[in-house]
Amino acid sequence: MSQPSTFRTADQALVREINLSLIMRALFEHTSLSRAVLAEITGLNKSTVSSLVGELQDMRFIHEAGLTTGSVGRPSMMLELNPQAGLIPSCELGVDFISAKCANFGGAILWEQRETRHSDQAQDTTLTQVRHLLRAAIEGGAAACPDCGRVLGAALGVPGLVDQDTGTLLFAPNLRWENVPLCDLLHEEAGDVPVYVENEANLAALGEYYFGAAQGYDEVLFINIGVGLGGAVIRAGQIVRGKTGFASEFGHMTMDPDGEQCNCGNRGCWETQVSQRALFQHIRRAIAAGQPSALRDHVTDDANHLTVTMIVDAAHAGDAVAQTALDTIGQHLGIGIASLVNIFNPDLVLFGGSLIPAWDTLQPHITAALAQRALRWHANATRVMRAQHGPEATVMGGISVVLQHILHRPASYRAAGP
Ligand SMILES: [Zn+2]
């Protein structure tokens, strides 16, 4: 008995999409391959490879990159992902900054800009600023690469919980925002292309997995410290999302039931102990208590005069207040990370965000806490490193998420794209 034709058609489309993705991912991983080697790597026969390559060339995702110059056998035509396949604009909306880049399909940065956001700035003003920056990123990218032509997709990282189905920012405690439909804003500037609104830490982890320090690791635990603390887990190249997409909110683990009030409504969350805000708070309180410090002039009226770099420099110069504040943050950071290592058994703990300038001071505390508090089988399997892209990891992650979508579903892109 024959199958109904609708099943057969669906299967064929699915197989074709999987095979197109195999070709794209092989070229992403190996950079440059001949059709014959592509057939070997993917297990597809040569005529199928030639047909799929033709389709991907029509979509401009891959191109021929010249003949091999090897001395043995006939020269082969090499294929590569086409860096000029299009533009990928990506933004991050932080609590105290807005950052944007535009990359080509090869991940090369064509344009970038970072602007300040005042913590009391109105939502409308901030959204206008994001929109202008996204527009500038697309125009700047197009000017730098006239042959790129189209926008492939756009991404925005935000410090909060995002509804993945609608692209709505549900809750951002440190912005004090709720229910903002950011997906619509991206479409207004980027047009009718796939757009992604995503938690900042998830994006930063993905950015490091594709373009930075987490390349080649299987189970990555990412700790992103800015004004607050975000976390992410990347398992086999995919963000671990949980049932409703809100997993890895490590910053809101209760570490001290009677601790500081957190912007999420709880008390004693981990981020009240180890965030940039907590670091500044330590400095302010020590100085208010009369302890001598070179940082005194920077905290007279407004904590925003402080920077992490300023505190690190003061600590290096022997300032006891700065040293104690960094040591306290480092100890609390180590305690939390040791517990997370026991829970997730990662092969890499990656540390990112605006506390990166303090890494040299914080790292010994994390290493000591892992040795003292984590189970040794877990600690022995874990490397701890800082993120390669530092404060730019989230924007790089936005570029990664567009790239990842096209690598895995190039055929659906043609249906959705321009
Ligand atoms: Zn909290």
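1. Let me start with a helix pair. In α9, Ile 311, Val 312, Ala 314 and Ala 315 meet Ala 322, Gln 323 and Leu 326 of α10, where contact means heavy atoms within 4.5 Å. Helices here are DSSP runs (H or I) of at least four residues and strands are E runs of at least two, numbered from the N terminus. Helix α9 covers residues 308-316 and helix α10 residues 320-344; their axes come within 7 Å and cross at roughly 115°. That makes α9 roughly perpendicular to α10. On this scale, angles under 35 degrees count as roughly parallel, over 145 as roughly antiparallel, 65 to 115 as roughly perpendicular and the rest as oblique. Axes are lines fitted to C-alpha atoms, for helices over the stretch in contact, with angles running from 0 to 180 degrees between N-to-C directions. The crossing of α9 and α10 is left-handed, a term for the near helix being turned anticlockwise from the far one by less than a right angle, with clockwise giving right-handed.

2. A word on the model before going on. This is a predicted model, in which local features need pLDDT of at least 70 and side-chain atom pairs count only at pLDDT 80 or more, while totals for chains, interfaces and linings use all residues. Residues are numbered from 1 along each chain as its sequence is written, and side-chain values use heavy atoms, with hydrogens and water left out.

3. Now the metal site. Which protein atoms are the donors of the zinc ion? They are ND1 of His 252 and the SG atoms of Cys 262, Cys 264 and Cys 269, lying 2.0 to 2.3 Å from the ion. Donors are N, O and S atoms within 2.8 Å of the metal (3.2 Å for Na, K and Ca); water is not among the atoms, so sites may look incomplete. Along the chain, the zinc donors follow the spacing H-x9-C-x1-C-x4-C. His 252 and Cys 262 are 10 residues apart, and both are in the loop between β14 (238-239) and α7 (270-274). Cys 262 has 4% relative accessibility and counts as buried; buried means under 20% relative accessible area, exposed over 50% and partly exposed in between (1.4 Å probe, protein chains only).

4. The geometry of the zinc site is tetrahedral, with angles of 104 to 120° among its four donor atoms. Four donors earn that label if all angles lie between 85 and 135 degrees. For reference, the ideal angle for four tetrahedral donors is 109.5 degrees.

5. A second helix pair is worth a look. Helix α2 (residues 35-42) and helix α3 (residues 46-58) pack at an angle of about 110°, with their axes 9 Å apart. The two are therefore roughly perpendicular to each other, and the crossing of α2 and α3 is right-handed. Arg 35, Ala 36, Leu 38, Ala 39 and Thr 42 of α2 meet Lys 46, Val 49, Ser 50, Val 53 and Gln 57 of α3.

6. The third pair is α4 (residues 123-144) with α5 (residues 182-190), whose axes come within 9 Å and cross at roughly 35°. The crossing of α4 and α5 is right-handed. Residues making this contact include Leu 127, Val 130 and Arg 131 of α4 and Leu 182, Leu 185 and Leu 186 of α5.

7. Is Leu 206 buried or exposed? At 0% relative accessibility, Leu 206 counts as buried. This residue lies in helix α6 (residues 200-211). Not counting residues up to four places away in sequence, Leu 206 touches Ile 234, Gly 237, Ile 239, Gly 397, Ser 400, Val 401 and Gln 404.

8. Ile 287, in helix α8 (residues 276-288), is also worth inspecting. Its relative accessibility of 7% counts as buried. Leaving aside neighbours within four places in sequence, Ile 287 is in contact with Ser 293, Leu 295, Arg 296 and Val 299. Tyr 413 lies in helix α14 (residues 410-416) and is buried, with a relative accessible area of 2%.

9. Finally, two backbone angles to check. Thr 31, in the loop between α1 (5-30) and β1 (33-34), has a positive phi near 70° although the residue is not glycine. Thr 31 is exposed, with a relative accessible area of 51%. Asn 179, in strand β10 (residues 177-181), has a positive phi near 50°, and this residue is likewise not glycine. Asn 179 is exposed, with a relative accessible area of 51%.

Conventions
Tetrahedral: all angles 85-135°; square planar, octahedral: opposite > 155°, others 65-115°.
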